[in-house]
Amino acid sequence: MSLVDAIRELGWKLPSHPEALEEQEFDPHTGEGKVFLYETDACNFEVFDSGSWYKVDAEHPFPELYEDTDVPSSIVKRVYKALDSVYDKLDWREDPTPIYLEALRREFDDARFVNMTIIPGAIY
């Protein structure tokens, strides 16, 4: 029985993307699995640079994860550079969006918050 079938059998509500439950989640220690950008543990922003807006995930600012997107690796590298210094200042119990937004606005022409799938203070 698949995980999705088990959840259905229990009568629980399925997540918005149940197919992700069947995929192997990315393991940073082995480098295996798949990361679902913009869907799980995401804090999404749009950054404005040279006349274009690019959607980025502040929780996953790594160029290799954006290979199949319209976001250039140079933009993702700048996102990482902007956020690297603020990661140590974050408290998992508080909303990180104001801190991320301020750092991104210092690096890019503009930035705006899109959405977040993380619930600050929740234990996952």
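Let's start with the order of elements. Read along the sequence, this protein chain runs α-α-β-β-α-α-β. That comes to four helices and three strands. One caution before we go on: this is a predicted model.

Some overall figures. The chain has 124 residues, and 29% of them are buried. Its accessible surface is about 8,200 Å². Carbon and sulfur atoms account for 50% of that surface. Now take the contacts between residues at least 6 apart in sequence. Of these, 43% join residues at least 24 apart.

On to the inside. Nonpolar side chains tend to be buried together in soluble globular proteins. Here, the largest nonpolar core has 20 residues. Which of them touch the most other members? Phe45, Val47, Leu83 and Leu104 do. Four elements give two or more residues to this core: strand 1, strand 2, helix 3 and helix 4. Helix 3 gives the most, with five residues.

So let's look at helix 3. Helix 3 covers residues 73-84, which is 12 residues. From first C-alpha to last, helix 3 reaches 16 Å. That is close to the 16 Å expected at 1.5 Å a residue. Which residues of helix 3 are buried? They are Ile75, Val76, Val79, Ala82 and Leu83. Look down the helix axis, and these buried residues fall within an arc of 120 degrees, so they line one face of helix 3. Now turn to the other side. There, Lys77 and Lys81 are exposed.

What covers the buried residues of helix 3? The cover includes strand 1, at 43-49, and strand 2, at 52-57. Helix 4, at 97-107, is also part of it.

Next, two residues up close. Take Val47, one of the core members that touch the most others. Set aside its neighbours within four places in sequence. Val47 is then in contact with Ser52, Trp53, Tyr54 and Val56. Val47 also contacts Ile75, Leu104, Phe108, Asp110 and Ala111.

The second residue is Asp49, in strand 1. Is Asp49 buried or exposed? Asp49 has 13% relative accessibility. Buried means under 20%, so Asp49 counts as buried. Again, leave out neighbours within four places in sequence. Asp49 is in contact with Tyr54, Ile75, Arg78, Phe108 and Asp109.

Put the two lists side by side. Tyr54, Ile75 and Phe108 appear for Val47 and for Asp49. And Ile75 takes us back to helix 3, where it is one of the buried residues. That's the tour.

Technical notes:
Residues are numbered from 1 along each chain as its sequence is written. This is a predicted model: local features need pLDDT of at least 70, side-chain atom pairs count only at pLDDT 80 or more; totals for chains, interfaces and linings use all residues. Side-chain values use heavy atoms; hydrogens and water are left out. The expected span of a helix is 1.5 Å times one less than its number of residues. Buried means under 20% relative accessible area, exposed over 50%, partly exposed in between (1.4 Å probe, protein chains only). The arc is that of the directions from the helix axis to the C-beta atoms. Contact means heavy atoms within 4.5 Å. Accessible areas come from the Shrake-Rupley method with a 1.4 Å probe; for residues, only the protein chains shown count as cover. A nonpolar core is a set of buried Ala, Val, Leu, Ile, Met, Phe, Trp, Tyr and Cys residues joined through side-chain atoms within 4.5 Å.
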